[in-house]
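Biologist: Can you walk me through this one? Let's start on the inside and work outwards.

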Amino acid sequence: PVVPVEAARALLLAGLGLLEDPARPGGDDEVLRVVERLGFVQLDSIQRIERAHHLIVGARLHAYRHGALDRLAFERRALFRNRSVPSRRASLHLGPV
């Protein structure tokens with residue numbers, strides 16, 4: 001089957017969570033929902049203008065505040081850090097700690 005370009009674009013953007021309203025409230029539970037939808041957020045060990053994991057969630061949720069990922073990972077234990085990723089990168093994945 002042939003998928004029209006506009007339909008393919010809409011499917012891609014929806015799959016990445018970029019069609020949802022980024023102005024919705026951005027509490028910890030909503031940040032967790034964004035990460036769950038993405039499947040993981042890669043932690044960026046190099047800080048330039050902004051760290052990559054903050055940009056990824058912030059692009060999808062304007063009300064996102066930096067402390068949310070720390071609270072989810074270290075206080076609520078809803079995320080964990082995977083150091084098995086090659087090179088110096090680490091990823092946040094959903095799953096039991």
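Modeller: Sure. Keep in mind that this is a predicted model. Its largest nonpolar core has 13 residues. Those with the most contacts inside the core are Val-31, Val-35, Val-57, Tyr-64, Leu-69 and Leu-79.

Biologist: Which helices each supply at least two residues of this core?

Modeller: Helix 2 and helix 4.

Biologist: Is there a general reason to look for such a core?

Modeller: Yes. Nonpolar side chains in soluble globular proteins tend to be buried together.

Biologist: Back to Tyr-64. What does Tyr-64 touch, leaving out residues up to four places away in sequence?

Modeller: Tyr-64 touches Gly-26, Val-31, His-54, Val-57, Gly-58 and Leu-69. Val-31, Val-57 and Leu-69 are also on the list of core residues with the most contacts.

Biologist: New topic: charges. How many salt bridges does a search of the whole structure find?

Modeller: The search finds 8. As background, side chains of opposite charge can pair when their charged atoms come close.

Biologist: Show me some. What does Arg-24 pair with?

Modeller: Arg-24 meets Glu-30 in a salt bridge, at 2.5 Å from N to O. Arg-24 also has a salt bridge with Glu-20, with the closest N and O atoms 3.4 Å apart.

Biologist: Are Arg-24 and Glu-30 buried or exposed?

Modeller: Both are buried. Arg-24 has 13% relative accessibility, so it falls under the 20% cut-off for buried.

Biologist: And why does Glu-20 count as partly exposed?

Modeller: Glu-20 has a relative accessible area of 23%. Buried means under 20% and exposed means over 50%, so Glu-20 lands in between.

Biologist: Any salt bridge that links distant parts of the chain? Which residues form it?

Modeller: Arg-76 and Asp-29, with the closest N and O atoms 2.9 Å apart. They are 47 residues apart in the chain. Arg-76 is in the loop between helix 4 and strand 2, while Asp-29 is in helix 2. Arg-76 is partly exposed at 42%, and Asp-29 is exposed at 54%.

Biologist: Which residues do shared partners join into one network?

Modeller: Glu-20, Arg-24, Glu-30, Arg-33 and Arg-37. Salt bridges connect them.

Biologist: Now the outside. Which residues form a nonpolar patch on the surface?

Modeller: Leu-12, Leu-16 and Leu-18 do. Together they have about 260 Å² of accessible area.

Biologist: Where is Leu-18?

Modeller: Leu-18 is in the loop between helix 1 and helix 2. Its relative accessibility is 39%, which counts as partly exposed.

Technical notes. Residues are numbered from 1 along each chain as its sequence is written. This is a predicted model: local features need pLDDT of at least 70, side-chain atom pairs count only at pLDDT 80 or more; totals for chains, interfaces and linings use all residues. Side-chain values use heavy atoms; hydrogens and water are left out. A salt bridge is a side-chain nitrogen of Lys or Arg within 4 Å of a carboxyl oxygen of Asp or Glu. Buried means under 20% relative accessible area, exposed over 50%, partly exposed in between (1.4 Å probe, protein chains only). Helices (H or I, at least four residues) and strands (E, at least two) are DSSP runs, numbered from the N terminus. Patches are made of residues with over 30% relative accessible area and no salt bridge: like charges are joined within 9 Å, nonpolar side chains (Val, Leu, Ile, Met, Phe, Trp, Tyr) within 5 Å. Accessible areas come from the Shrake-Rupley method with a 1.4 Å probe; for residues, only the protein chains shown count as cover. A nonpolar core is a set of buried Ala, Val, Leu, Ile, Met, Phe, Trp, Tyr and Cys residues joined through side-chain atoms within 4.5 Å. Contact means heavy atoms within 4.5 Å.
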